[in-house]
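Here is a friendly briefing for a computational chemist. Please take a look at the sequence and the fold before reading on.

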Amino acid sequence: MPKSYNQKMKILYLMQILLEKTDESHVLNASELIAHLAARGIKAERKSIYDDIEALRLFGLDIVNRHEPPAGYFIASRRFELPELKLLVDTVQASRFITAKKSDELIRKLEQLASCYEARQLQRQVMVSGRIKTMNESIYYNVDKIHEAISANVQISFRYFEWTVQKEPRLKRDGQSYRISPWALTWDNQNYYMIGYDPQADCVKYYRVDKMLHIERTCEPRAGRERFQDFNLADFSRKTFGMFHGQEQTLTLQLENRLAGVMIDRFGKDVPLHPAGDVFTARIQVVVSSQFFGWLSGLGPGVRLLSPDPVVRQYAEFLRTLLAQYTNAATHCIQTAH
């Protein structure tokens, strides 16, 4: 590299050194900065270091010159502080819809926003747990394609798969393409879902993004706009359990007072709760499905579904079906014991 070109790059390398090698606990004085530049083939004098640091300050870098030991220059604040980066790293690591490979790539990029010393703390945080991750590497790009289609106001085509007991992907509809109008993306139960309108079935449907393959934009404009004019994604997420399809209904529950926090956590502070001694009643709007019944039964005997009667009967049948499986097993165990 020619010497003149090297000198033009000096201030950029100086900025890189300060960002990578300094933080509040690690400083570099002028002599050390000159040595780091020399290692990159750039000659610098003390006065030019002072001038360049002042220029970087005017550019917006928060460079502090500490006079007490250990004396030297360091980056005092960054676009992302260390606690914020730890939060982002943990979110990436915890996200099931991001593959292990893509998680590692994103975390390495996040590490570049900290000093090399702080980056080690981020890496230690990554090693905390080995969470289950999706196996579909293309999900990262699927999300981008869906966003592009929403922005362009066009439909998409894709193929959709499910897992077999042999742990192999099997295409649904015998591999035929789906054609859907995408309207929203949501993150529910640690998975990414696309919410869209199916013009053939004339209804709103949702699809796991990590199970979508070969997404392509079409030239056809999106359909179903009237279905989404007043669509509230937050409200939709509260009502829908596990993104299972079903009919939205208003239910009345009776719960023990200790379960008030459970209701507020799930449905928000606006959920109407009516105290009545040791219990309270709550009116909620949910999409009734087996997933909802599973959530309800998980609350135990402290909750009772009061109305409407058709849903009460559905829930009772759901519980009877579950109980029958274990009643038969218990009877078999008793007979075997005799």
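The points below are grouped by topic.

This is a predicted model, in which local features need pLDDT of at least 70 and side-chain atom pairs count only at pLDDT 80 or more, while totals for chains, interfaces and linings use all residues. Residues are numbered from 1 along each chain as its sequence is written, and side-chain values use heavy atoms, with hydrogens and water left out.

**Salt bridges**

- A salt bridge here is a side-chain nitrogen of Lys or Arg within 4 Å of a carboxyl oxygen of Asp or Glu, and the count by this rule is twelve.
- One of them joins Arg258 to Glu256, with N and O 2.6 Å apart.
- On the accessibility scale (buried under 20% relative accessible area, exposed over 50%, partly exposed in between, with a 1.4 Å probe and protein chains only), Arg258 is exposed at 56%.
- Its partner Glu256 is partly exposed, at 31%.
- Arg208 and Asp210 also meet through their side chains, at 2.7 Å from N to O, and Asp210 is buried at 4% relative accessible area.
- Arg170 pairs with Glu162, and the closest N and O atoms are 3.2 Å apart.
- Both ends of that pair are partly exposed: Arg170 has 46% relative accessibility, and Glu162 has 28%.

**The largest pocket**

- How much space lies in the largest pocket? The value is about 370 Å³.
- The residues closest to the centre of this pocket are Leu19, Leu61, Ser77, Arg78 and Arg79, out of 14 that line it.
- Two elements, α2 (10-21) and β2, give two or more residues each to the lining.
- For the pocket search, a 1 Å grid is laid over the protein atoms alone; a pocket is an open set of points where a 1.4 Å probe fits, with protein on both sides within 12 Å along at least five of seven lines, and lining residues have an atom within 4 Å of a point.
- Grid points are joined across faces, edges and corners, and the volume is the space filled by probe spheres set on the points.
- The element names come from DSSP runs, numbered from the N terminus, with helices (H or I) of at least four residues and strands (E) of at least two.

**A nonpolar surface patch**

- Phe80, Leu88 and Leu113 make a nonpolar surface patch of about 210 Å².
- Patch residues have over 30% relative accessible area and no salt bridge, with nonpolar side chains (Val, Leu, Ile, Met, Phe, Trp, Tyr) joined within 5 Å and like charges within 9 Å.
- Areas come from the Shrake-Rupley method with a 1.4 Å probe, and for residues only the protein chains shown count as cover.
- Phe80 sits in the loop between β2 (72-77) and α5 (82-94), and Phe80 is partly exposed at 31% relative accessibility.

**Strand β3 and its contacts in space**

- Trp163 belongs to strand β3 (residues 154-163) and is partly exposed, at 36% relative accessible area.
- Between Trp163 and Lys211 there are 9.2 Å from C-alpha to C-alpha, with a sequence separation of 48 residues.
- Is Tyr160, also placed in strand β3, buried or exposed? Tyr160 is buried, with 11% relative accessible area.
- Tyr160 and Asp210 are 50 residues apart in sequence, and their C-alpha atoms are 9.3 Å apart.

**Backbone details worth a look**

- The peptide bond from Pro69 to Pro70 is cis, with omega near -10 degrees, and Pro70 lies in the loop between β1 (62-66) and β2.
- Ser307 and Pro308 are also joined by a cis peptide bond, with omega about 0 degrees; Pro308 is in the loop between β12 (303-307) and α12 (309-337).
- Asn153, although not a glycine, has a positive phi of about 60 degrees.
- Asn153 falls in the loop between α8 (139-152) and β3 and is partly exposed at 26%.
- Asp202 is not a glycine either, and its phi is positive at about 55 degrees.
- Asp202 is found in the loop between β6 (191-198) and β7 (203-208), and Asp202 is partly exposed at 42%.

**Cysteines**

- With a disulfide taken as a pair of cysteine sulfur atoms within 2.5 Å, the count is zero.
- Cys116 is partly exposed at 27% relative accessible area, and Cys203 is partly exposed at 23%.
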